[in-house]
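Subject: Structure handover

Hi,

Here is the structure I promised to pass on. Have a look at it first, and then read on for my notes.

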Amino acid sequence: ASLSFRRDGSSRLSKDNRWANFWSVSGAWRLSNEKFMHDNPLFSDFKIRASYGTNGNLPTDYYGYMGTYATTGGYYTSPAIYWSQRSNEELGWEKSYNFNAGFDWTLYNRVTLTVEYYNKLTKDLLFEMPTSYVSGFNSQWRNIGKLENKGLEFTVSSQNIRTKDFSWNTDFNLTWQSIKVKKLPNGDDVQYGDGNMYLLREGESMHTFYLPEFKGVNSETGLGEFWIDPDDHSKGVTNYYSKAGKTIVGKGVPDVLGGMTNTFRYKNFDLSFMISYQFGGDMFDYPGYFLTFSDGVRVGSLNVSKYVVGKYWKNPGDNAEFPLPIYRNPYRTDRFSSREIRSTDNIRMRDITFGYTVPVPKNILQNLRVYFRTTNPFLIYCATDDVDPDVDIDGYRQTDTPPTRSFQFGVNITF
């Protein structure tokens with residue numbers, strides 16, 4: 001068992017709120033050492049553990065609580081100083097209350113199973129809150145609510161086969177996670193992000209996408225259609241983006257993620273490969289907004305993705321994925337909507353390594369191993385074509401470089 005306590009202060013907060021207390025307590029019991037479990041091969045090792053504690057986060061802005069001025073303004077040809085940030089003397093620590101409980105179980109000295117439940121409740125959540133432009137500012141740092149991050153982690157390590165010349169080991173892990181907003185000021189929704197595409201709502205996941213819902217392409221007119229009220233389809237559809245209502249169309253946080261590594265050894269040869277996976281998350285395809293779903297708006301200024309080739313509407317009766325492309329499309333069906341929300345479900349081969357340990361006289365070298373390794377060689381499964389599913393947890397896909405695919409040949413020498 002252990003117990004800790006600390007008191008921290010920071011100049012990033014006002015003098016009335018800069019100090020806070022943090023503490024933790026934890027304990028574990030190795031039952032396999034008890035007499036009633038002694039010499040039981042089913043419980044070669046068995047331990048239960050639990051912990052509870054607090055920790056805090058500070059605003060990323062060193063002067064987030066202060067009212068500040070900027071010298072980068074201009075008035076015609078003259079320089080200017082302007083009020084750039086409103087003060088918030090009540091800004092305080094973001095505090096998290098963490099509970100963990102689990103067990104570690106080794107069976108027959110060959111299989112180790114670890115199961116852990118975690119629950120992290122964050123109060124006084126730090127957030128750069130959007131504000132009315134009437135105030136003269138577009139945002140302000142505030143402590144706005146509660147966020148719950150909970151999940152279950154499952155890990156298995158096993159020696160599947162173990163002989164003199166051959167062995168096969170497997171490591172597998174799976175995490176189920178949920179990150180949900182528990183409380184907001186007055187229970188009001190908060191929209192934020194690029195084009196206000198994200199929504200904070202009590203009971204919903206963090207990084208929830210809140211956008212108009214695209215119904216599809218009208219087979220007779222070739223025009224794209226949005227639901228006027230996505231939550232009440234009886235109100236019909238519209239061709240104009242400006243008349244479309246918003247609804248929850250996805251979330252960036254995946255429900256399940258994990259991986260598996262297998263390692264094989266036969267005499268002096270070794271082979272290992274690692275697979276990763278995730279399911280239940282979505283991305284906003286920002287490059288796709290320009291290149292895939294432009295519907296003629298950007299004709300002459302940007303190229304179009306090859307994905308759309310042959311998928312545009314052409315004639316009445318066509319069941320097409322993309323509406324009729326119109327130069328400078330007045331309907332603006334290209335704008336942020338459920339069309340750009342795409343699944344990040346995938347199973348990826350992350351790493352493959354093949355090696356051979358060369359027999360050498362020990363008086364010359366301690367060890368000599370040659371190997372070939374490839375990283376991110378291919379996707380086994382991907383729910384979304386032509387897009388790499390690796391994005392940040394907020395699900396916002398930018399025009400960044402996808403994971404590097406590499407091939408290496410090397411030699412390990414130990415003298």
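Let me start with a charged pair: the side chains of R369 and D270 form a salt bridge, with 2.8 Å from N to O. R369 sits in strand β24 and D270 in strand β20 (residues 269–279), so this pair ties together parts of the chain that are 99 residues apart in sequence. Both partners, R369 and D270, are buried. For R369 the relative accessible area is 17%, and the cut-off for buried is under 20%. Strand β24, where R369 is found, covers residues 367–382. The side chains of R369 and D270 also count as making a polar contact, at 2.8 Å. If you want to look at the surroundings, R369 touches D270, T353, G355, Y356, T357, G410, V411 and N412, leaving out residues up to four places away in sequence.

Before going further, please keep in mind that this is a predicted model. The confidence values are as follows: the protein chain averages a pLDDT of 93, and 100% of the residues score at least 70. Confidence is lowest in strand β8 (residues 126–130), with a mean of 87. The highest value belongs to strand β14 (residues 208–212), at 98.

Back to the charges. How many salt bridges are there? The count comes to 20. As a general point, side chains of opposite charge can pair when their charged atoms come close.

Another of these pairs is R397 with D285, whose side chains meet in a salt bridge at 2.6 Å, N to O. This one also links distant parts of the chain: R397 belongs to strand β25 (residues 396–397) and D285 to strand β21 (residues 282–285), 112 residues apart. D285 is buried, with a relative accessible area of 1%. The pair is part of a wider arrangement, since a network of salt bridges links D285, R342, D386 and R397.

Then there is D45, which forms a salt bridge with R30; their closest N and O atoms are 2.6 Å apart. Here D45 is in strand β3 (residues 45–57) and R30 in strand β2, with their positions 15 residues apart in the chain. Are these two buried or exposed? Neither label fits: D45 is partly exposed, at 24% relative accessibility, and R30 is partly exposed too, at 33%.

Now for the surface. A nonpolar patch of about 870 Å² is made by L3, F5, W23, V25, Y52, F99, Y117, L152 and W176. Strands β1 (2–9) and β2 (19–30) each supply at least two residues of this patch. One of the patch members, W176, is found in strand β11 (residues 166–183). W176 is partly exposed, with a relative accessible area of 36%.

Two serines are also in my notes. S84 lies in strand β5 (residues 78–85) and counts as partly exposed, at 31% relative accessibility. Which residues does S84 contact, apart from neighbours within four places in sequence? They are T68, Y69, A70 and F137. The C-alpha atoms of S84 and G136 are separated by 8.8 Å, although their positions lie 52 residues apart along the chain.

The other serine, S338, is placed in the loop between α1 (286–291) and β22 (341–343). S338 is buried, with a relative accessible area of 18%. Setting aside residues up to four places away in sequence, S338 touches L211, P212, E213, F214 and V249.

Finally, a couple of backbone points to check on your side. N196 has a positive phi of about 55° although it is not a glycine. N196 lies in the loop between β12 (190–192) and β13 (198–200), and is partly exposed, with a relative accessible area of 34%. R332 likewise has a positive phi of about 55° without being a glycine. R332 is found in the loop between α1 and β22, and is partly exposed at 26%.

That's everything from me.

Cheers

Definitions and conventions
Residues numbered from 1 in each chain as written. Predicted model: local features only at pLDDT ≥ 70, side-chain atom pairs only at ≥ 80, totals over all residues. Heavy atoms only, no water. Helix = DSSP H or I, 4+ residues; strand = E, 2+ residues; numbered from the N terminus. Buried < 20%, exposed > 50% of the residue type's maximum accessible area, 1.4 Å probe, protein only. Contact = heavy atoms within 4.5 Å. Patch = residues over 30% accessible without salt bridge, like charges linked within 9 Å, V, L, I, M, F, W, Y side chains within 5 Å. Areas by Shrake-Rupley, 256 points an atom, 1.4 Å probe, with all protein chains shown as cover. Salt bridge = Lys/Arg side-chain N within 4 Å of Asp/Glu carboxyl O. pLDDT = per-residue confidence, 0-100. Polar contact = N/O pair within 3.5 Å; in protein donor to acceptor, adjacent residues only side chain to side chain.
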